[in-house]
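Please walk me through this structure, beginning with how far its coordinates can be trusted and then turning to the enclosed spaces inside it.

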Amino acid sequence: MWLNPEEVLLKNALKLWITERSNDFFLLQRRRGRGEPTGRIGGLLVGALDTVLDSNARVTPFRILLQVPGSAISWIIASGAAIEEVNKHWDWLAHHLLHSLSVFENKEDVASFVKGKVKGLIAEEFRGRQAAQEDDPEKFREALLKFELHFGLPSSEKLVTFYSCCCWKGRVPRQGFLYLSINHMAFYSFLLGKEVKFVIPWAEVTRLERVSGGLMTEAIRVSTRQRQRDFSMFLNLDEAYGVVGQLADIALRRLLDSEGLELDRVLQQPARISKRILEEQALREYVLALFRLPRRERLHEVASCAVWTPHARCHTAGTLYTTDGYLCFCSREEGQCILLIPLSEVLSVEKAETTCVLPNPVIVSIRSKKAFQFIELQERDDLVESLNCRLRSLQLKQSAFRRSTHSRRTSSCPSPYYTFYYDTGCSDEEEIEEQVLRNTVNSEALMTAFHHNQPGTSNNTKNMEAVKERLWEDHFTEFGRGVHMFRTEKVQRLVAMGIPESLRGELWMTFSDASSDLESHQGYYASLVHKSMGQSSLATEEIERDLHRSLPDHPAFQNPTGIAALRRVLTAYAHRNPKIGYCQSMNILASVLLLYAKEEDAFWLLVAVCERMLPDYFNRRVIGAQVDQSVFEQLIRERLPELAEHFPDLSTLSSVSLSWFLTIFVSVMPFQSAVCVVDWFFFHGIKAIFQLGLAVLEANASQLSTSIDDGQALMVLTGFLERVGSEDSSCSEPSPAPHADGNSSVPDVATVDQANITDLINDAYERFGDLTVRKIERLRCRHRIQVLQAHEDTTKENALRVVTPEVSISAENLADIYDLFKTEHFISLYWGDISAAAAAEAASWSRGVSYLERQYRLDRPQFKSLYGMLAPWAGESNQHADMLANRTFTLLDQDHDSLVTFREFAAWLDTLYCGELNERIKLLYRLHLRPAMTESDDDPSLMKMPLVSTGRPLYVTVASESSVGDEEKDYQEQLKQMLQDLEVANKEKDVEKPLQLMNQREFIQFCKTLYSMFHGDPEENELFQAIATVTSLVLQIGEASHRDRALGSGGPPDASSEEGEWTVSFAQILASLLTEQILVNFLERPADLTARIADAKERQYHQRAGLLTLQQNHR
């Protein structure tokens, strides 16, 4: 392989190397003792030396040196373990470089040219590798240096990858490089003396699209709230588009909704993200979605192979995926043949003898005395060893779990007993519910006791059920039974007919693999019931409210037995997963599950649906369901373009279809038909709902296209779904149309023929069966960006709606302040220490702080950064400004959680920029009282007077003795009048409790703050004189008050008084300040908030980046 050129001082030191081939510039050498007859003393010595050296110091037996004639220094440029490999490099040098080197007059230029060429070869070799930055090739290092140089971001901003491309500005392309990091995408171009560079945080990306047209070839369009940019001419557009989408998706999930969306543990650590990790994560997400595996599963091996399929009497080619707890096989055509084998079912994984017919076979034996044969596995030995290692580990864990479970059962109180209680009488419901123990678990499905029969159809239903059961038994004989059953097109046809009631619960457990969870968690549900029942929380209150709304027409839930079982399942799940707790529509799903599965089975089915099959659906903001609605809208545009043209805004249709996804059509179809949809969902997953939704819209496309408004379209879809029948109900009398009362404004709805659910499912699969899990996952990644940003816009609107009535700042400025506030929060998440923020977030959860209030908050360093950019009186004294920022933060942190909310921040800015004079002075006054002013402010150095600008002399007018008395009288009269006016104003206004008095030390700090504010002002000398006058006056007032209190105590003035009793009030300070017009003018001087905001936008990013870089360097 080619090596980065490294100097070799003595090219033949100790005679360790023998030259095999040479020319004027290169040497091919062999390590002595390699390739020689054994027994030679030199070879033995070198061999002994190589053996003694550790593995890192050992050298390869062949190498190529670059030599410059007349120089004692050579460079090693290539090495290899075999002579054939090194000969290839030698031939390349002879054919491509040797003739070119003869034209160089300066031999040093020869060395520079060859070394540069070799480095280029190394970069080319690593160009196609997945983990470029982990192998750290020279090309990636060079790109990393350019990235840091051009954009000035901290070193912790990890570069993931980069691409050569063009950025379009109108019709003009700019050739450059697109750099993709963990938090940003950045572009740099230098062409014809003009530099173009910009940085786009992933948090600002609102949409990603692939576009084409005009002069531009197919391009990636990146949209933000301000503008959109197009990038094209990628060497591999698909790869670049995928990486851009992944990084944007990961960043938004991490930054905008970290507690709501499930994010893999590796992706929660941005420093570990690399291009290879992204590719592995994309494949893992696909495998988890395809096989509906638990989110905790990690992907280990991916191998092409073929599995013996007995029903087809042949080997089916596909891909084997292995995870922590599963062996998964999928045929080359997705969905043609799927096999899922939990490792908990596996007894052994063994290699069989290789033959020409069966190359590299592996036999997997399971507990049900069946075996699966895989062939054509390339790295069979490593795969079998890895699987056996995980199998042994799993078996040890299972045995330890069984022992611990057994010991707990024998030493603890008896577990809740299992019974099945039902009542067919008309007893009082409350009395019966008291008889049913809250921790009693039903051992049978509710359908065994409560039937939803229709009059006159029982015989037909029984006959149909018998036919279905016989077909399934035949299928089990041919394809197997259990989780490891082959899932083929024949199974699809059986499922589309509707699973018989006697097998429905079992097959739901099989298709979802909830049976594995049940087996590995024996006693878990009973313990949850025991812990959760009787506890009160917001989730339990919502559950109680919705219990009687769950399938209210079904007799099972008109009875206390069904209600109690539903309560136990929902409460236990809320206790298991408090992040989800309880979400509406979970009650409907749980009700259907309880009808056909045992109570404990229904619990594990609910776990599978909420945590694996419909991920992120049942969280605080149902993000997953909204993402799928956005995906559904795009599928409508692609698959039903004529319908999409009639509905330019597809949100109308998606608002109707939201309940289809959340309740799997249970809430919109007749019960028997909806259960068939649930069968289909458990077999196919979420793509079944997408396919069926498209089929429903296509079946009603003509009527929807002629609808005159959204209400009529809703009536069309509602009427159609209410008439979808099943095989069981096909022979029964048709139910009356819901709107056939003669007054319907939509006559076409009543004439819609009744559709059969089996035909509808088959039609959906036939028309839209090419919609694969892989495509759905890619669309989800893209549309999640749009949904999260839409939520972000809503959050901003709500925050501004709450704050706007409380402040006088203009709406535009307030929105910009919110953006600055949010950006400051994100910057610390990018490069700062997030442990404090995480702790504060956890604390806010425990205190029940609303989502809006805890969405974006600033800690002390973040607040100080914005303070320096937005405060109108920041002053030029960095030390005092920092102290003032600390005091302001302490004052605003009213709940003492070391965080400031946007509401508090906006109120502070409103006081400074829009408040009245007395409100501004009151804020300054409070900054010098407890708790804003702490003991740390007692530094004697802070008591010194600030320096005054030396650019001009300071003139102090000395008053004549004759005028002193008159001035004192004038001041006393003015103060007396102002105090009276303030008292009247306070009585007219319902103000808060009076401010505490200020002592002498606090007052001196207050004066220092005023001096700091005036420093550098054009009228600094006059302001200095004015504040000196006010200070002298307030000190006299304080002394007078001190003397009056002492006299009132009956003793000498200084006998019973301490220094700390010297105090002045806010009213006295305010009145004193108002006597100096120049101070009033200064404090009332309007500040340009818009200009401050614009300046902050320009320098916020790089200023904070520089500060955080310095902090990291000092650690």
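Over residues 126-135 of this predicted model, pLDDT stays under 50, and the model has 17 contacts beyond four places in sequence for that stretch. Residues 730-752 also have a pLDDT that stays under 50, and for them the model has 23 contacts beyond four places in sequence. Where pLDDT is low, the predicted coordinates should not be read in detail. For the protein as a whole, the average pLDDT is 79, and 77% of the residues score at least 70.

Turning to the interior, the structure contains eight cavities of 30 Å³ or more, and the largest cavity encloses about 190 Å³ of space. This largest cavity is lined by 16 residues, of which Leu 290, Arg 292, Ile 338, Phe 683 and His 684 are the closest to its centre. Helix H8 (275-291), strand S16 (337-342), helix H23 (671-684) and helix H24 (686-699) each contribute at least two residues to the lining, with the largest share, three residues, coming from H8. In character, the lining of the largest cavity divides into eight nonpolar, four polar and four charged residues.

The second largest cavity holds about 90 Å³ of space, and of the twelve residues that line it, Tyr 867, Trp 873, Leu 884, Leu 912 and Leu 924 lie nearest its centre. Two or more residues of this lining come from each of helix H34 (878-892), helix H35 (902-914) and helix H36 (917-926). The lining of the second largest cavity comprises eleven nonpolar residues, one polar residue and no charged residue.

How values were computed. Residues are numbered from 1 along each chain as its sequence is written. This is a predicted model: local features need pLDDT of at least 70, side-chain atom pairs count only at pLDDT 80 or more; totals for chains, interfaces and linings use all residues. Side-chain values use heavy atoms; hydrogens and water are left out. pLDDT is the predictor's confidence in each residue, from 0 to 100. Contact means heavy atoms within 4.5 Å. On a 1 Å grid over the protein atoms alone, a cavity is a set of points where a 1.4 Å probe fits but cannot get out, and a pocket is an open set with protein on both sides within 12 Å along at least five of seven lines; lining residues have an atom within 4 Å of a point. Grid points are joined across faces, edges and corners, and a volume is the space filled by probe spheres set on the points. Helices (H or I, at least four residues) and strands (E, at least two) are DSSP runs, numbered from the N terminus. Ala, Val, Leu, Ile, Met, Phe, Trp, Tyr, Cys and Pro count as nonpolar, Asp, Glu, Lys and Arg as charged, and the others, Gly among them, as polar.
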